[in-house]
Every structure is written in structure tokens, then in C-alpha cells.
Amino acid sequence: AGVIPGPPVNGHQLADTDTIYRVSTVTGTPGGSANLDLTLPLTSNNEGLVFKLIVTAIAAGEALTIVPDSGGSDNIVSETLSVLGAVGSPYTIPSTGVYELVCFSGSWMLYKIT
């Protein structure tokens, strides 16, 4: 499992292997400056890849976002197939909990487990 504190690292490229990450945002200086962006690999050739995100804290005014790889045209969708982040657009994780991201061709399916 990887531990990704933010800051000092405000952006992180998720590996193209099945992995569990424990993530949180913490108060930055100035306050609200510790947004954390997690960039997903391309879905091409990664179908079936699964990431588990254990989100332990999201500080007030500091976003935790997941972003499809900027080199592609991938989407982030919910289990109901509603588009959360379209064609490379980020999606902000709204609350703490356990999430899974599953790679399909052209899309990352996001589930909140708890």
C-alpha cells in the first residue's frame, strides 16, 4: 500500500498495478493550499486494473481529486454510469471513506464501498 500525504506532494500519478492507497489532505500554508490530485493511468491496455482509495481525511477548503491521464480521452463514471469526470476532467472526492476505481476501456468506474 502507498501512503500519499498532501502536502508536500500535491500531485501523484497512480501506478499501473493493482494498489491500495491511504490518502488524506492536510492544512496547507496558506490554508486551503493543500489540494491533492491523483492522476490515473490511461485505460488503454489496463482493463481490469483496480485501485482502492482509503480516504482518511479531507480538510475544509482542500480538495481531493482524481484525474484521468491527460494524454487520453478517458472518463470517470459512477456505478450507475453517470459521468462524474468526462474526457480527462477531474472528479472531486466528496467525503472520507473507502472507494474503488475499476478500469474499463475508456472509463474508470468509481464505487464508494463505505
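Biologist: Which residue in E4 stands opposite Gln13?

Modeller: This is a predicted model, in which local features need pLDDT of at least 70, side-chain atom pairs count only at pLDDT 80 or more, and totals for chains, interfaces and linings use all residues. Residues are numbered from 1 along each chain as its sequence is written, while side-chain values use heavy atoms and leave out hydrogens and water. Strand E2 (residues 11–13) pairs with E4 in the parallel sense over three bridges; a strand is a DSSP run of type E with at least two residues, numbered from the N terminus, and two strands pair if DSSP finds at least two bridges between them. Opposite Gln13, in E4, stands Thr39.

Biologist: Which side chains of strand E4 point to one face and are buried?

Modeller: Side chains alternate along E4, which covers residues 36–39. Buried means under 20% relative accessible area, exposed over 50% and partly exposed in between (1.4 Å probe, protein chains only). Asp37 and Thr39 point to the other face and are not buried. The buried ones are Leu36 and Leu38.

Biologist: What is the bridge partner of Asp37 in E6?

Modeller: E4 and strand E6 (residues 64–67) run parallel and are joined by four bridges. Both faces of E6 are covered, with Leu64 and Ile66 buried on one side and Thr65 and Val67 buried on the other. The partner of Asp37 in E6 is Thr65.

Biologist: Which are the edge strands of the open sheet?

Modeller: Strands of a sheet pair through backbone hydrogen bonds, either parallel or antiparallel. Here four strands form an open sheet with mixed pairing, in the order E2-E4-E6-E9. Pairing on one side only marks the edge strands, E2 and E9 (91–92).

Biologist: Which residue in E9 is the bridge partner of Ile66?

Modeller: E6 and E9 pair over two bridges in the antiparallel sense. Thr65 stands opposite Thr92 in E9. The partner of Ile66 in E9 is Tyr91.

Biologist: How many aromatic pairs does the structure hold?

Modeller: Rings of Phe, Tyr and Trp (its six-membered ring) pair if their centres lie within 6.5 Å; planes under 30 degrees apart count as stacked, over 60 as edge-to-face and the rest as tilted. The number of aromatic pairs in the structure is two.

Biologist: Why is the pair of Tyr21 and Phe51 tilted?

Modeller: The pair links Tyr21 in strand E3 (residues 19–24) with Phe51 in strand E5 (residues 50–57), 30 residues apart. Both residues, Tyr21 and Phe51, are buried. The ring centres lie 6.1 Å apart, and the pair is tilted because the planes are at 50°.

Biologist: Which residue forms a stacked aromatic pair with Phe51?

Modeller: The stacked pair has a centre-to-centre distance of 5.6 Å and 25° between the planes. Phe51 lies in E5 and its partner in strand E11 (residues 107–112), so the pair ties together parts that are 57 residues apart in sequence. Together with Tyr21 and Phe51, the partner forms one aromatic cluster. The partner of Phe51 is Trp108.

Biologist: Thr19 is in contact with which residues, leaving aside its neighbours within four places in sequence?

Modeller: Thr19 is found in strand E3 and counts as buried because its relative accessibility is 18%. Contact means heavy atoms within 4.5 Å. With the neighbours within four places in sequence left aside, the residues in contact with Thr19 are Val50, Phe51 and Lys52.
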